[in-house]
Amino acid sequence: RQIMAPSQVKASEDPKPYLECAKPYPCLQPIVYSLDAFLPIVDLHQEKYWLPDASKDYGLGYLIYLWLHIMSGWLLTSVLIAGLTNLVKKD
């Protein structure tokens, strides 16, 4: 089953052409999508166009995982920036 759904499709449109990459709509690239969700500073144009469909089996679990993935990316990026700017120091 297709758990990832195009997020920029109107409710009245058929999402099937978007899933087959037949239109000028970014194809889903799972690794790039994961990086796009994890790295808050860059925009790889995946997270904007695709989201887990919570109405499908395990879709809500994937959506919750995505939220945790985003939060951990923000946390680790903040720690990295703090470390690089010497805000985090050892005593």
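This passage describes the burial of helix H2, two buried residues that pack around this helix, and an aromatic cluster in a predicted model. Residues are numbered from 1 along each chain as its sequence is written, and side-chain values use heavy atoms, with hydrogens and water left out. Because the model is predicted, local features need pLDDT of at least 70 and side-chain atom pairs count only at pLDDT 80 or more, whereas totals for chains, interfaces and linings use all residues.

Helices (H or I, at least four residues) and strands (E, at least two) are DSSP runs, numbered from the N terminus. In helix H2, the buried residues (buried being under 20% relative accessible area, exposed over 50% and partly exposed in between, with a 1.4 Å probe and protein chains only) are Tyr33, Asp36 and Ala37. Seen down the axis of H2, these buried residues fall within an arc of 95°, so they line one face of the helix; the arc is that of the directions from the helix axis to the C-beta atoms. An α-helix has 3.6 residues a turn, so residues three or four places apart point the same way. The cover over the buried residues of H2 includes strand S1 (4-6), S2 and helix H3 (59-84).

Glutamine 46, which is found in the loop between helix H2 (30-38) and strand S2 (50-52), is buried, with a relative accessible area of 4%. With its neighbours within four places in sequence left aside, glutamine 46 is in contact (heavy atoms within 4.5 Å) with Pro26, Cys27, Leu28, Gln29, Val32, Tyr33 and Asp36. Leucine 66 lies in helix H3 and, at 6% relative accessibility, likewise counts as buried. On the same basis of excluding neighbours within four places, leucine 66 is in contact with Tyr33, Ala37, Leu51 and Pro52; the C-alpha atoms of leucine 66 and proline 52, 14 residues apart along the chain, are separated by 8.3 Å.

A search of the whole structure finds 2 aromatic pairs, where rings of Phe, Tyr and Trp (its six-membered ring) pair if their centres lie within 6.5 Å, and planes under 30 degrees apart count as stacked, over 60 as edge-to-face and the rest as tilted. Tyrosine 25 and tyrosine 49 form an edge-to-face pair, at 5.2 Å centre to centre and with 80° between the planes. The rings of tyrosine 25 and tryptophan 50 have their centres 5.8 Å apart and their planes at 75°, so this pair is edge-to-face. Tyrosine 25 lies in the loop between H1 and H2 and tryptophan 50 in strand S2, so the pair ties together parts that are 25 residues apart in sequence. Tyr25, Tyr49 and Trp50 form one aromatic cluster.
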